[in-house]
Structure formats: structure tokens, C-alpha cells
Amino acid sequence: MSSLLSPDIWASLVALTALEIVLGVDNLVFISLMANKLPREARDRVWKVGLAMAAIMRILLLFAITWVIGLTAPLFSILNHTVSGRDLILLGGGLFLLAKAVIEIHEQLYPGTRHDDRVKRTAATFAGVLTQIALLDVVFSLDSVITAVGMADRISVMVAAVLIAVGVMMWMSRPVMRIVNEHPTIRMLALSFLLLIGVSLVAEGGGAHLPKGYIYSAMGFAVLVELLNMRMRRNQPAGS
């Protein structure tokens with residue numbers, strides 16, 4: 001009981017929760033874009049299941065922390081760079097995210113190359129979308145858990161931070177999906193964000209560290225500018 005009143009415990013919980021929410025933004029954006037491929041009645045379900053899978057994945061990895069730490073052990077070397085299991089997972093996830101982002105950007109830029117919208121949504125099955133979300137959840141969760149281990153030394157604090165962060169993301173999910181769906185420019189920014197995250201994952205897998213703070217700050221600034229542009233366009237007189 002006395003440990004629950006420790007300022008260090010609460011400070012770790014607040015800091016780790018904030019970090020988990022920031023690291024969960026990429027999950028949120030990816031699920032939003034994938035959910036948009038499904039019929040309207042299935043979108044809420046894929047949101048809830050996708051975020052629940054993200055929470056379960058993170059908690060399972062936390063309880064398998066010895067295995068997770070073992071993934072950082074070198075497996076082989078290429079050109080004086082040691083490659084670990086974590087590097088391979090990040091590299092594969094980054095390439096998958098790059099491919100998805102490029103395909104989606106191409107469809108947004110050249111809508112004439114797409115099939116009829118109804119056909120496209122029918123082709124995207126609930127199970128297929130969840131499979132893609134699950135694959136990315138593994139990559140995002142691994143990165144999140146390894147970061148969490150460096151910030152807290154109690155599994156209970158880490159699990160609490162993950163659950164709070166997922167709760168916040170579920171609360172944010174509906175407005176995020178509405179904004180992404182209603183505004184094509186925000187959707188393109190979201191795809192650009194995923195493209196940057198994919199590049200950073202590939203770089204991490206290749207041994208180069210790109211601070212995510214720079215990426216999140218740049219995208220946050222871009223979203224702020226676009227929101228100001230949207231407000232300006234809304235306030236302009238009709239026909240001007």
C-alpha cells in the first residue's frame with residue numbers, strides 16, 4: 001500500500017501514460033484509415049477490436065519482458081552492423097507500412113484508377129482489415145514496450161499506463177475517424193504521417209536512430225497549419 005503512495009510511482013505512471021498515448025497515435029491513424037475501407041456499420045467494431053488487440057499485445061509483451069529484451073541480442077552482422085530480432089521486426093513492419101501508405105496515397109491522388117467505391121468496400125473484409133491491424137500492432141507494441149521498460153521498473157505501472165492510454169485512444173477514436181473521413185487534406189496528412197513512421201521504422205531496423213519526437217512535432221505542426229487553413233476557408237465569404 002505504501003508503494004502506491006510513492007511520488008516516484010505516480011510520476012512514472014504519468015510520464016509513461018503520456019508516452020504511450022503519443023506512441024499510440026500511429027496506431028490510431030492506421031486503424032482510422034483501414035476502418036474507412038469497411039462498410040459504415042463495421043467501422044466502430046474494427047475500432048474497438050483493433051485498439052483492444054493493441055492493448056492485449058502490449059500487456060502480453062510486458063509479461064514476456066525477458067523474451068522481448070532477448071530480441072535485442074545480435075543475430076548476425078551485415079557490413080559491420082549487428083542485426084537483432086527487433087531490427088528484423090521493425091524493418092518488416094516499416095516496409096509494410098511504407099507499401100500501405102504509398103498505395104493509399106496513389107489512390108487518393110488518382111481516384112480514377114480505383115474500382116467503384118462500393119466494390120472496393122466489399123473487397124475489404126473485416127477479417128482482412130483486422131489481420132493488417134494485428135501485424136502493425138506487433139511492431140508498434142514492441143517499440144512501445146521496449147521504451148516502457150526504460151522508463152519504469154514495475155510491470156503493474158506499465159500495464160496501468162497501457163490501459164489508460166488505450167482508454168484515451170478509444171475516447172479519441174470517433175472524432176479522429178470523423179475528421180480523417182470528412183477532410184481529404186487531413187487524410188493525406190495522416191498518410192504522410194504513416195509514411196514518415198514507416199521510414200523511421202526502416203531506419204531503426206537498419207541501425208539508424210531517428211528521434212520520433214521530431215517526426216511527431218513536424219506532423220503536429222502540419223496538422224495545426226491545416227486546421228488554421230480549414231478555419232480560414234470556413235470564414236471566407238461565399239464566392240470569394
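Gly207 has a positive phi of about 100° and sits just after α9; helices (H or I, at least four residues) are DSSP runs numbered from the N terminus. This is a predicted model, in which local features need pLDDT of at least 70, side-chain atom pairs count only at pLDDT 80 or more, and totals for chains, interfaces and linings use all residues. Residues are numbered from 1 along each chain as its sequence is written, and side-chain values use heavy atoms, without hydrogens and water.

Helix α9 covers residues 184–205, and its end C-alpha atoms lie 31 Å apart. This agrees with the 32 Å that its 22 residues should span at 1.5 Å a residue, because the expected span is 1.5 Å times one less than the number of residues.

The largest pocket (an open set of points on a 1 Å grid over the protein atoms alone, with protein on both sides within 12 Å along at least five of seven lines) holds about 470 Å³ of space. Of its 17 lining residues (those with an atom within 4 Å of a point), Val25, Val29, Val176, Ile186 and Val223 are closest to the centre. Helix α10 (212–235) gives the most to this lining, with 5 residues.

There are also 2 cavities of 30 Å³ or more, a cavity being a set of points where a 1.4 Å probe fits but cannot get out. The largest cavity, of about 50 Å³, is lined by Leu23, Asp26, Phe140, Asp143, Ser144, Leu201, Lys212 and Tyr216. Helix α7 supplies the largest share of that lining, 3 residues.

How values were computed. Helix = DSSP H or I, 4+ residues; strand = E, 2+ residues; numbered from the N terminus. Points joined across faces, edges and corners; volume = space filled by probe spheres on them.
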